Amino acid sequence: KWYGNRRPIEKIDPPEVYITPYGGRLIWTLPGKTKIICHLKDKNKIRHKKRWSQCMYMYYFLGYQLMKNPDLTDQQKEVRAENTFLLALDGDVDFQPDAILKLVDLMKRNPTVGAACGRIHRS
């Protein structure tokens, strides 16, 4: 299997909800204290079209969470960078959660993979 033996799915608490200057943020804490963070863009607050959201998210993750965070040492920044994955989807994308497990597994096994794109199917 791609992702090894998995344990039964555990109950996950509802997310923490935050209002942000760009819309909102939801944070789920999974077993083992891994976090899933979902950023929601309000197109009335942030420029839309031309992939502006992806630029904003990349700046947030790379600029603030990693490089500008004064609480992290250089070694901690490197470890966090190696273990941070960004999934950017358009609102009309349909995907199966199992696909995320396969994608992360592939990226962990092959550190030269920096980005991946699935097949695009016309509707």
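Here are some questions and answers about this predicted model.

User: Let's start with the overall layout. Which pattern does the chain follow along the sequence?

Analyst: Happy to begin there. The secondary structure comes to 3 helices and 3 strands. Read along the sequence, the pattern is β-β-β-α-α-α.

User: What is the order of the strands in the open sheet?

Analyst: The open sheet has 3 strands, and their pairing is antiparallel. Strand β1 is joined to β2 (residues 23-29) by 5 bridges, and within that pair Glu16 stands opposite Ile27 in β2. The order across the sheet is β1-β2-β3.

User: Which strands stand at the edges of this sheet, and why is one side of each left without a neighbour?

Analyst: The sheet is an open one with the order β1-β2-β3. Each edge strand has a single partner strand, so one side of it has no neighbour in the sheet. The strands at the edges are β1 (16-20) and β3 (35-41).

User: By what angle are neighbouring strands of this sheet turned against each other on average?

Analyst: The sheet in question is the open one with antiparallel pairing. With direction ignored, the average turn between its neighbouring strands is 20°.

User: Now a single residue: is Thr20 buried or exposed?

Analyst: Thr20 has its place in strand β1. Buried means under 20% relative accessible area. Since Thr20 has 7% relative accessibility, it counts as buried.

User: Which backbone nitrogens does the side chain of Thr20 reach?

Analyst: There are two to look at here, both in glycines. A polar atom of the Thr20 side chain lies 3.1 Å from the backbone nitrogen of Gly23. The Thr20 side chain also reaches, at 3.2 Å, the backbone nitrogen of Gly24.

User: Leaving aside its neighbours within four places in sequence, which residues is Thr20 in contact with?

Analyst: Contact here means heavy atoms within 4.5 Å. With the neighbours within four places set aside, Thr20 is in contact with Arg25 and Lys45.

User: Where is Lys33, and is it buried or exposed?

Analyst: Lys33 lies in the loop between β2 and β3. Its phi is positive, about 70°, although Lys33 is not a glycine. With a relative accessibility of 71%, Lys33 counts as exposed.

User: Moving to the helices, how exposed is Trp52?

Analyst: Trp52 belongs to helix α1 (residues 52-67). Not counting residues up to four places away in sequence, Trp52 touches Ile46 and Arg47. Its relative accessibility is 34%, so Trp52 counts as partly exposed.

User: Which side chains meet in a salt bridge?

Analyst: A search of the whole structure finds 1 salt bridge. Its N to O distance is 3.0 Å. The side chains that meet are those of Asp105 and Arg109.

User: How far apart are Asp105 and Arg109 along their helix?

Analyst: Both sit in helix α3 (residues 97-109). Asp105 is buried at 17% relative accessible area, whereas Arg109 is exposed at 54%. Because they are 4 residues apart in the helix, their separation is about one helical turn.

User: To finish, what share of the accessible surface of the chain belongs to carbon and sulfur atoms?

Analyst: Of the 123 residues of the chain, 17% count as buried. The accessible surface comes to about 10,800 Å². The share of that surface belonging to carbon and sulfur atoms is 56%.

Terms used: Residues numbered from 1 in each chain as written. Predicted model: local features only at pLDDT ≥ 70, side-chain atom pairs only at ≥ 80, totals over all residues. Heavy atoms only, no water. Pairing = 2+ DSSP bridges. Helix = DSSP H or I, 4+ residues; strand = E, 2+ residues; numbered from the N terminus. Axes fitted to C-alpha atoms, helices over the stretch in contact; angles between N-to-C directions. Buried < 20%, exposed > 50% of the residue type's maximum accessible area, 1.4 Å probe, protein only. Polar contact = N/O pair within 3.5 Å; in protein donor to acceptor, adjacent residues only side chain to side chain. Salt bridge = Lys/Arg side-chain N within 4 Å of Asp/Glu carboxyl O. Areas by Shrake-Rupley, 256 points an atom, 1.4 Å probe, with all protein chains shown as cover.
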